[in-house]
Amino acid sequence: MNKENNKQDFIVTTTNGTRWGATAASFGQVRREFFSKNFGTGMEIESIKRGKLFSDEESEQLRKEKIEESIR
């Protein structure tokens, strides 16, 4: 099976308490790619857990708001 098909949602918490959503095939991939996407300087990972940062309903609402803002 292709790794793209095995992607999962993760919640990354930094040492300052900020939570980030990430999608990857493994915990290791999240750890490797997190710093390249989020600047990395001065940021340290406190924990990585499986799960979604937002519920499906919240994600849908955010998507709708993004579309509305882009139309304006």
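## Exercises on a predicted β-β-α-β-α chain

Of the 72 residues in the protein chain, 21% count as buried. The model is predicted.

**Exercise 1. State which secondary structure elements the protein chain has and in what order they run.**

Solution. Begin with the inventory: the chain holds two helices and three strands. Next, read from the N terminus, where the elements follow the order β-β-α-β-α. For the surface as a whole, the chain exposes about 5,700 Å², and carbon and sulfur atoms supply 49% of this area. For the contacts, take those between residues at least 6 apart in sequence; 40% of them join residues at least 24 apart.

**Exercise 2. Derive the layout of the sheet and explain which strands stand at its edges.**

Solution. Step one is the pairing. Strand E1, residues 8–14, is joined to E3 by five bridges, and the two run antiparallel. E1 also pairs with E2 in the antiparallel sense, over six bridges. Step two is the order: the three strands form an open sheet arranged E2-E1-E3, with antiparallel pairing. Step three concerns the edges. E2 (19–24) and E3 (45–50) each have a single partner strand, so one side of each is left without a neighbour in the sheet. From one strand to the next, the twist averages 25 degrees.

A single residue illustrates the arrangement. Phe-10 has Ala-22 as its bridge partner in E2 and Arg-50 as its bridge partner in E3.

Finally, consider the connection between E1 and E2. Their hairpin has four residues between the strands, and Gly-17 there takes a positive phi near 95 degrees.

**Exercise 3. Decide whether Thr-13 is buried, partly exposed or exposed, and list its contacts.**

Solution. Thr-13 belongs to strand E1. Its relative accessibility is 17%; the cut-off for buried is under 20%, so Thr-13 counts as buried. Leaving out residues up to four places away in sequence, Thr-13 touches Thr-18, Arg-19, Glu-44, Ile-45, Glu-46 and Ser-47.

**Exercise 4. Place Lys-7 in the chain and describe its surroundings.**

Solution. Lys-7 is in the segment before E1. With a relative accessibility of 31%, Lys-7 counts as partly exposed. Setting aside residues up to four places away in sequence, the contacts of Lys-7 are Thr-23, Ala-24, Ala-25 and Gln-29. As for distance, Lys-7 and Ala-22 are 15 residues apart along the chain, and their C-alpha atoms are separated by 9.8 Å.

**Exercise 5. Find how many salt bridges the whole structure contains and characterise each.**

Solution. The search of the whole structure gives two salt bridges. In general, side chains of opposite charge can pair when their charged atoms come close.

- Lys-52 and Asp-56 meet through their side chains, with 2.6 Å from N to O. Lys-52 has a relative accessibility of 46% and therefore counts as partly exposed.
- Glu-60 pairs with Arg-63, the closest N and O atoms being 2.7 Å apart. Both residues lie in helix H2 (residues 56–71), three residues apart, about one turn of the helix. Glu-60 is partly exposed at a relative accessible area of 32%, and Arg-63 is partly exposed at 43%.

Both distances can be checked against the salt-bridge cut-off, which is a side-chain nitrogen of Lys or Arg within 4 Å of a carboxyl oxygen of Asp or Glu.

Notes:
Residues are numbered from 1 along each chain as its sequence is written. This is a predicted model: local features need pLDDT of at least 70, side-chain atom pairs count only at pLDDT 80 or more; totals for chains, interfaces and linings use all residues. Side-chain values use heavy atoms; hydrogens and water are left out. Two strands pair if DSSP finds at least two bridges between them. Axes are lines fitted to C-alpha atoms, for helices over the stretch in contact, and angles run from 0 to 180 degrees between N-to-C directions. Buried means under 20% relative accessible area, exposed over 50%, partly exposed in between (1.4 Å probe, protein chains only). Contact means heavy atoms within 4.5 Å. Accessible areas come from the Shrake-Rupley method with a 1.4 Å probe; for residues, only the protein chains shown count as cover.
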